[in-house]
Amino acid sequence: MTTNLFDELSPDTATLDRLHRQLERAADDQGVLDVAYRMIDSPVGPLLLAATTVGLVRVAFDIEGHDAVLTRLAEVVSPRVLQAPARLDTVARQLDEYFAKKRTAFEVPIDLRLAAGFRLSVIEHLRDIGYGQRASYASVAAAVGNPRAVRAVGSACARNPLPVVIPCHRVVRSDGTSGQYVGGPQAKSTLLSLEAA
């Protein structure tokens with residue numbers, strides 16, 4: 001059996017993992033790791049978590065296209081993006097606790113630089129909607145001082161950079177139906193059911 005020279009020279013998976021961890025630590029130590037990310041499995045599908053040195057900046061559902069989300073972070077936040085799971089250990093643990101019904105609120109620093117203006121007002125208000133509660137798009141519009149902006153509230157929820165952690169899934173239509181959701185209707189239904197049980 002002949003062997004390919006490339007096969008002989010290519011490192012094994014353990015070596016690549018070790019080298020990646022060294023790169024991750026060196027980048028963080030030297031202050032050149034602007035956006036760290038990792039993936040986690042969840043009852044609503046794979047989630048991409050991304051954090052800056054300020055805090056959690058993005059939670060993305062698979063349906064959003066994780067590669068597209070990372071590209072956008074590189075364009076808007078910094079091109080220095082690296083898979084660096086350690087920075088997101090606390091967030092991952094708290095999400096696991098939430099999905100296991102052992103946590104009702106998140107206690108992690110957040111970075112809201114991806115939201116501005118009216119959308120930021122809406123996203124900040126979403127944090128006041130407690131676990132297991134629901135609010136209508138109309139009530140959120142009124143709470144942020146613009147009762148006619150019901151559609152704009154829907155748009156702000158759809159563009160929430162931190163779904164699940166900032167609970168846009170708790171905003172429903174006035175008739176009680178769930179409405180749209182960035183992670184898709186099944187994800188919203190799963191989250192609402194999780195909190196109702």
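These legends walk through one overall view and three close-ups of a predicted model.

In this predicted model, local features need pLDDT of at least 70, side-chain atom pairs count only at pLDDT 80 or more, and totals for chains, interfaces and linings use all residues. Residues are numbered from 1 along each chain as its sequence is written, and side-chain values use heavy atoms, with hydrogens and water left out.

**View 1. The protein chain has eight helices and six strands.** Helices (H or I, at least four residues) and strands (E, at least two) are DSSP runs, numbered from the N terminus. Along the sequence they follow the pattern α-α-β-β-β-α-β-α-α-β-α-α-β-α. Of the 197 residues, 44% are buried, where buried means under 20% relative accessible area, exposed over 50% and partly exposed in between (1.4 Å probe, protein chains only). A contact here means heavy atoms within 4.5 Å. Among contacts with a separation of 6 or more, 62% join residues 24 or more positions apart.

**View 2. V122 sits in helix α5, which spans residues 117-126.** With a relative accessible area of 0%, V122 is buried. Which residues does V122 touch, leaving aside those up to four places away in sequence? They are V140, V144, V153, A156 and C157. You can also look for A152: its C-alpha is 9.2 Å from that of V122, although the two residues are 30 apart in sequence.

**View 3. C157 and C168 are two cysteines without a bond between their sulfurs.** C157, one of the residues that V122 touches, is buried at 6% relative accessible area. C168 is buried too, at 2%. Why is there no bond between them? The closest cysteine sulfur to that of C157 belongs to C168, but at 5.7 Å it is too far for a bond. A disulfide is a pair of cysteine sulfur atoms within 2.5 Å, and by this rule the count is zero.

**View 4. D111 lies in the loop between α4 (89-99) and α5.** Is D111 buried or exposed? Its relative accessibility is 5%, so D111 counts as buried. The D111 side chain makes a polar contact (a pair of N or O atoms within 3.5 Å; within protein, one must be able to donate a hydrogen and the other to accept it, and residues adjacent in sequence count only if both atoms are side-chain atoms). One such partner is the side chain of T52, at 2.7 Å, and another is the side chain of R113, at 2.8 Å. Not counting residues up to four places away in sequence, D111 touches T52, V54, G55, L56 and V57.
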